[in-house]
Amino acid sequence: MNENINIAFPDGAVREYPKGSTALDIAKSISEGLARKVLAADVNGQVWDATRPINEDVSLKLLTWDDNNGKSTFWHSSAHLMAEAIENLFPGVKFWVGPPVDNGFYYDVDLGDRSISEEDLRKLEVKMAELAKQNNLYVRKEIPKDEAVRYFAEKGDEYKLDLLQNLQDGSISFYTQGSFTDLCRGPHIPSTGFIKAIKLTNIAGAYWKGDEKNKQLTRIYGVTFPSQKQLDEYVTMLEEAKKRDHRKLGKELGIFTMDDDVGPGLALWMPNGTVIIEELERLAKETEADAGYKRVVTPHIAKENLYLTSGHLPYYAESMYPPMELEGVKYYLKAMNCPHHHKIFAAEQHSYKDLPLRLAEYGTCYRYEQSGELFGLMRVRCLHMNDAHIYCTREQFAQEFRAVNDMYIKYFKIFGIEKYVMRLSLHSKEKLGIKYVNEPELWLETEAMVREVMKEANIPFVEVPDEAAFYGPKIDVQIWSTIGREFTLATNQVDFAQGRRFKLEFTNQNNEAETPLIIHRAPLGTHERFIGFLLEHYAGKFPTWLAPVQVKILPISDKFMDYAKDVLQKLKKADIRAEIDDRSEKIGKKIRDTELMKVPYMLVVGEKEVNENKASIRRQGKGDLGARSVDEFVNEIVAEVRERSEL
Ligand SMILES: [Zn+2]
Ligand SMILES: [Zn+2]
């Protein structure tokens with residue numbers, strides 16, 4: 001008797017398949033083309049080999065390169081392929097771990113007394129390509145622990161034996177492709193033939209288990225793709241990203257600096273960077289005022305008790321600066337603004353008629369990131385956050401959440417962010433009361449509300465189970481810069497727990513005390529990360545409204561200095577940030593230097609311009625726009641700045 005199982009698909013369809021069907025079989029039943037793209041499968045929220053038999057009713061999502069889990073399965077499988085090639089070229093090599101990372105994968109290996117060169121990387125690439133072409137299957141085998149121990153003892157790989165020590169009998173699986181076998185939980189792609197383009201990118205030293213007292217292993221990094229074209233595009237993007245590196249541009253353009261005496265991860269904003277900060281804050285303040293927000297200001301420190309109430313202590317202690325003690329009381333630098341805002345809400349009585357209450361602050365927070373994690377403006381220890389908390393009733397929630405989303409979209413338009421995805425992170429039923437507040441109905445209710453808003457607004461989004469915040473579902477916003485690099489910008493979170501922890505209340509229509517829902521939102525993220533992103537996105541060529549210097553006046557010689565000063569006065573009166581290049585340099589050099597500083601407009605003034613009461617206008621990236629009356633130019637640039645229009 002042949003049994004059938006029910007497979008539920010993401011679109012809601014349920015279809016019957018014979019028991020023991022694999023995700024790959026199911027893909028084939030849909031189309032051969034799809035089957036060629038399936039890398040792995042999401043089975044009830046867990047990532048499986050596409051070749052693993054399914055024996056019961058499940059919900060199934062076929063994972064391709066476009067899914068993060070598909071991609072990381074591809075890269076992890078590529079690490080196995082690289083290991084096979086390494087073993088070919090360096091017999092006797094020992095292996096520690098080979099995980100996927102954000103952009104590819106690595107493997108930590110012990111080469112004994114041998115070392116590896118750039119040239120070896122090229123040889124390894126050739127070997128990997130050869131092994132990939134053999135289209136070897138990744139075969140999973142579950143084995144008893146003693147058999148696994150025997151295998152690696154014979155091989156003499158003490159690192160794998162160390163890994164085995166911590167594994168329970170019965171949960172051990174081996175994966176073999178070609179001549180290489182690894183201890184691995186999986187999952188893997190069906191076969192090596194999926195890997196069509198290979199680049200090994202870097203060699204680094206890495207202490208075993210990250211401990212500098214241990215032996216130093218060799219870490220080999222690589223990246224692979226399902227097509228050569230994708231690899232070529234990736235290489236081009238990397239080259240462009242290097243030119244646009246926010247640390248390099250930040251220095252050249254006088255945006256920010258870091259100083260050892262101040263401390264790692266603590267950016268000092270220089271005058272040019274501060275102009276950008278103030279323009280971003282002006283944008284946020286205008287936008288938020290229009291949307292009915294009220295501004296507040298809160299201190300940078302608070303007593304321990306506040307963070308015990310919020311629950312940040314002790315759970316978040318590792319990410320906070322250690323406390324300072326004063327008169328027997330511990331004070332912490334704030335790692336987030338929420339608790340302070342909750343106290344402002346609590347300071348007054350509220351009725352449903354006062355809600356929603358939207359409290360906004362460009363708040364300064366301090367987070368203790370590990371030194372190894374710090375990276376330019378992207379990972380810092382002091383952050384200025386475009387923060388706000390919205391306290392509302394359940395009836396108001398959908399509208400408030402939609403308004404926040406609209407605000408994100410409005411900002412994306414202003415900054416020319418064309419590609420973005422929102423990830424809706426949901427709870428997991430099994431982990432209620434452990435990882436998630438035990439409020440099954442509130443979870444379902446708020447998740448449904450959020451999903452509804454996203455669908456109605458036609459915003460592209462993906463749902464990710466088991467990734468919500470402790471206190472409610474959240475939306476993580478991923479954006480892509482003009483050169484196609486992905487950034488995590490900000491989150492938009494629903495919170496039905498903090499209100500209770502802080503005993504926040506309002507009087508509802510029935511004259512009863514009720515806890516408000518809270519929305520945490522920060523569409524512009526932090527100044528640090530957002531300006532880091534903008535530097536790359538614009539390659540330092542900020543649109544006029546954001547440019548630290550908007551106009552540079554270039555007199556052809558000192559004779560025209562008085563006229564240049566008149567022009568400067570006119571621009572300043574119109575609130576345009578302008579400067580005169582008063583050096584006695586040739587005009588050609590002045591133009592070149594101004595271009596390097598990426599100033600949007602240059603006004604060249606000489607004999608002819610003075611006589612005609614004009615200026616010759618040059619636009620960054622567009623060149624000479626011809627001579628125009630200064631008043632006319634002032635009117636135009638003022639309009640351009642007011643509209644915050646792009647280049
Ligand atoms: Zn593996
Ligand atoms: Zn918050």
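## R122 and its surroundings in a predicted model

At a relative accessibility of 34%, R122 counts as partly exposed, because that value falls between the 20% below which a residue is called buried and the 50% above which a residue is called exposed. The structure discussed here is a predicted model, and R122 is found in its helix α4, which covers residues 118-133. Although R122 and K199 stand 77 residues apart in sequence, their C-alpha atoms are 8.4 Å apart in space.

**From R122 to L200**

Which residues does L200 touch, leaving aside those up to four places away in sequence? They are M82, F105, L121, R122, L124, E125, M128, Y221 and G222, so that R122 appears here again as one of the contacts of L200. L200 itself lies in strand β14, and with a relative accessibility of 1% L200 counts as buried, because buried means under 20%. A second pair that is separated along the chain consists of L200 and E118, which are 82 residues apart in sequence and 9.1 Å apart from C-alpha to C-alpha.

**The chain as a whole**

These pairs can be set beside a figure for the whole chain: of the contacts with a separation of 6 or more, 68% are between residues 24 or more positions apart. The protein chain contains 20 helices and 35 strands, and its C-alpha atoms fill a box of roughly 95 × 75 × 60 Å along the principal axes. Of its 647 residues, 51% are buried, while the area that the chain exposes is about 31,700 Å², with carbon and sulfur atoms supplying 48% of that area. The chain carries 87 positive and 100 negative charges, and the mean positions of these two sets are 3 Å apart.

**Two nonpolar cores**

The largest nonpolar core has 69 residues, and within this core F412 and F415 touch the most other members. Helix α13, which runs over residues 394-414, gives this core its largest share, namely 9 residues. Apart from this core lies another one, made of 39 residues, among them F90, L131, A132 and Y234. Returning to F412, its contacts beyond four places in sequence are I417, Y420, M422, V477, I479 and L489.

**The zinc ion**

Which protein atoms are the donors of the zinc ion, ligand 2? They are SG of C338, NE2 of H389 and ND1 of H520, and they lie 2.1 to 2.2 Å from the ion. Along the sequence these donor residues follow the spacing C-x50-H-x130-H. The pair of C338 and H389 links distant parts of the chain, since C338 belongs to helix α12 (residues 338-346) and H389 to strand β23 (residues 382-392), with their positions 51 residues apart. Both C338 and H389 are buried.

**Backbone details**

Four places in the backbone deserve a careful look, and the table lists them with their angles and their surroundings.

| Place | Backbone feature | Location |
|---|---|---|
| G186 to P187 | cis peptide bond, omega near 0° | P187 in the loop between β13 (180-183) and β14 (197-207) |
| L313 to P314 | cis peptide bond, omega about 0° | P314 in helix α11 (residues 312-315) |
| N44 | positive phi, near 50° | loop between β4 (40-43) and β5 (46-49) |
| N613 | positive phi, about 55° | loop between α19 (607-612) and β34 (614-619) |

Neither N44 nor N613 is a glycine, and yet each has a positive phi. Are these two residues buried, partly exposed or exposed? N44 is partly exposed, with a relative accessible area of 45%, and N613 is partly exposed as well, with a relative accessible area of 44%.

**A buried loop residue**

A residue in a loop may also be buried, as T64 shows with its relative accessibility of 15%. T64 has its place in the loop between β7 (58-63) and α3 (68-89). Leaving aside residues up to four places away in sequence, T64 touches K37, L39, G70 and K71.

How values were computed. Residues numbered from 1 in each chain as written. Chains lettered and ligands numbered in written order. Predicted model: local features only at pLDDT ≥ 70, side-chain atom pairs only at ≥ 80, totals over all residues. Heavy atoms only, no water. Helix = DSSP H or I, 4+ residues; strand = E, 2+ residues; numbered from the N terminus. Buried < 20%, exposed > 50% of the residue type's maximum accessible area, 1.4 Å probe, protein only. Contact = heavy atoms within 4.5 Å. Areas by Shrake-Rupley, 256 points an atom, 1.4 Å probe, with all protein chains shown as cover. Lys, Arg positive; Asp, Glu negative; His and termini not counted. Charge placed at Lys NZ, Arg CZ, Asp CG, Glu CD. Core = buried A, V, L, I, M, F, W, Y, C linked by side-chain atoms within 4.5 Å. Donors = N, O, S within 2.8 Å, 3.2 Å for Na, K, Ca; no water.
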